[in-house]
Amino acid sequence: MPKLWNETIEAHRRAVRDAILNSTAELAAEHGVRSVTMSQIAERAGIGRATLYKYFPDVEAILFAWHDRRITEHLGQLAEIRDRTDGAGDRLEAVLRAFAHISRHSRGHHGTELAALLHRDERVADAQRQLHDMIRDLLAAGVETGDFRGDVAPAELATYCLHALTAAAALTSDAAADRLVTVTLSGLREGKAVPDDRAVRDDRKPTRRHEQHGHHPGRSAH
């Protein structure tokens, strides 16, 4: 088939898939995960049931795909903000502010039942690791330039940031989220004039204490 025809078919498939994902998320938010049926999804998306089953086998698979799309979009958004910002300190601040706003605006997108289902998805843990690594690397660069404290390992500070800013999900305004970021940043800058080479070392391997007690980054909002 001609290239243009292939592109048209692919665009149509993407549009149908997006309609399925969006319709399922809307129905789950309106009626609860357990109440959503494939027939309802097909009707909301404007397609036949046979077409729907060509894309997904069941409701849970659709919800996981929807969630995966959101995670990918959020990580891409944060990476774009990081790459277009200059200066180690400004770069981290921009990423943290964006993360706090994502956390806040994701708050009402799904109920407890849907959140419990989605957090079983192994891709959530992978996204958390990617986000933690991004912030850790930004912190390490900021320690080198003197923007952030050097007496605490960047990986530990990254965990502090993620746990602190996940709290933005409970806030009621963007201004409140910005204030939380300001407080979090102040903790990163305390004692920055006293760098500690031991803290700046590559600490991606967990210490014995972390192996015993567990060490997990904060959950990203999605």
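In which crossing, right-handed or left-handed, does α5 pass α9? The crossing of α5 past α9 is right-handed; a crossing is called right-handed if the near helix is turned clockwise from the far one by less than a right angle, and left-handed if anticlockwise.

The model is predicted, so local features need pLDDT of at least 70 and side-chain atom pairs count only at pLDDT 80 or more, whereas totals for chains, interfaces and linings use all residues. Residues are numbered from 1 along each chain as its sequence is written, and side-chain values use heavy atoms, with hydrogens and water left out.

**Overall make-up**

The protein chain has 11 helices and zero strands. Helices (H or I, at least four residues) and strands (E, at least two) are DSSP runs, numbered from the N terminus. Of the 222 residues in the protein chain, 41% are buried. Buried means under 20% relative accessible area, exposed over 50%, and partly exposed in between, with a 1.4 Å probe and protein chains only.

**Helix α4 and the α5/α9 pair**

Helix α4 covers residues 59–84, and its end C-alpha atoms are 38 Å apart, which agrees with the 38 Å that its 26 residues should span at 1.5 Å a residue. The expected span is 1.5 Å times one less than the number of residues. At the N-terminal end of α4, Asp-58 acts as a cap, with a side-chain oxygen 3.3 Å from the backbone nitrogen of Glu-60.

Two packed helices are described by the angle between their axes and the distance between the axes. For α5 and helix α9 (residues 174–189), the angle is about 140° and the axes are 9 Å apart. The two helices are therefore oblique to each other. Axes are lines fitted to C-alpha atoms, for helices over the stretch in contact, and angles run from 0 to 180 degrees between N-to-C directions. Angles under 35 degrees count as roughly parallel, over 145 as roughly antiparallel, 65 to 115 as roughly perpendicular and the rest as oblique.

**Salt bridges**

A salt bridge is a side-chain nitrogen of Lys or Arg within 4 Å of a carboxyl oxygen of Asp or Glu. By this rule there are 13 salt bridges, including those tabulated here.

| Salt bridge | Closest N to O |
|---|---|
| Glu-30 and Arg-44 | 3.0 Å |
| Arg-97 and Glu-93 | 3.0 Å |
| Arg-136 and Asp-133 | 3.2 Å |

The Glu-30 and Arg-44 pair links distant parts of the chain, 14 residues apart: Glu-30 is in helix α1 (residues 3–31) and Arg-44 is in helix α2 (residues 38–45). Glu-30 is partly exposed at 46% relative accessibility, and Arg-44 is partly exposed at 35%. Glu-26 joins Glu-30 and Arg-44 in a network of salt bridges.

Arg-97 and Glu-93 both belong to helix α5 (residues 88–105), where they are four residues apart, about one turn of the helix. Arg-97 is partly exposed, with a relative accessibility of 21%; for Glu-93 the value is 21%, also partly exposed.

In helix α7 (residues 122–145), Arg-136 and Asp-133 are separated by about one helical turn because they are three residues apart. Arg-136 is buried, with a relative accessible area of 8%, whereas Asp-133 is partly exposed at 31%.

**The loop after α7**

Val-152 lies in the loop between α7 and α8 (154–166). Val-152 is partly exposed, at 23% relative accessibility. Its C-alpha atom is 9.0 Å from that of Leu-188, with the two positions 36 residues apart along the chain counted as their separation.

Note on methods
A polar contact is a pair of N or O atoms within 3.5 Å; within protein, one must be able to donate a hydrogen and the other to accept it, and residues adjacent in sequence count only if both atoms are side-chain atoms.
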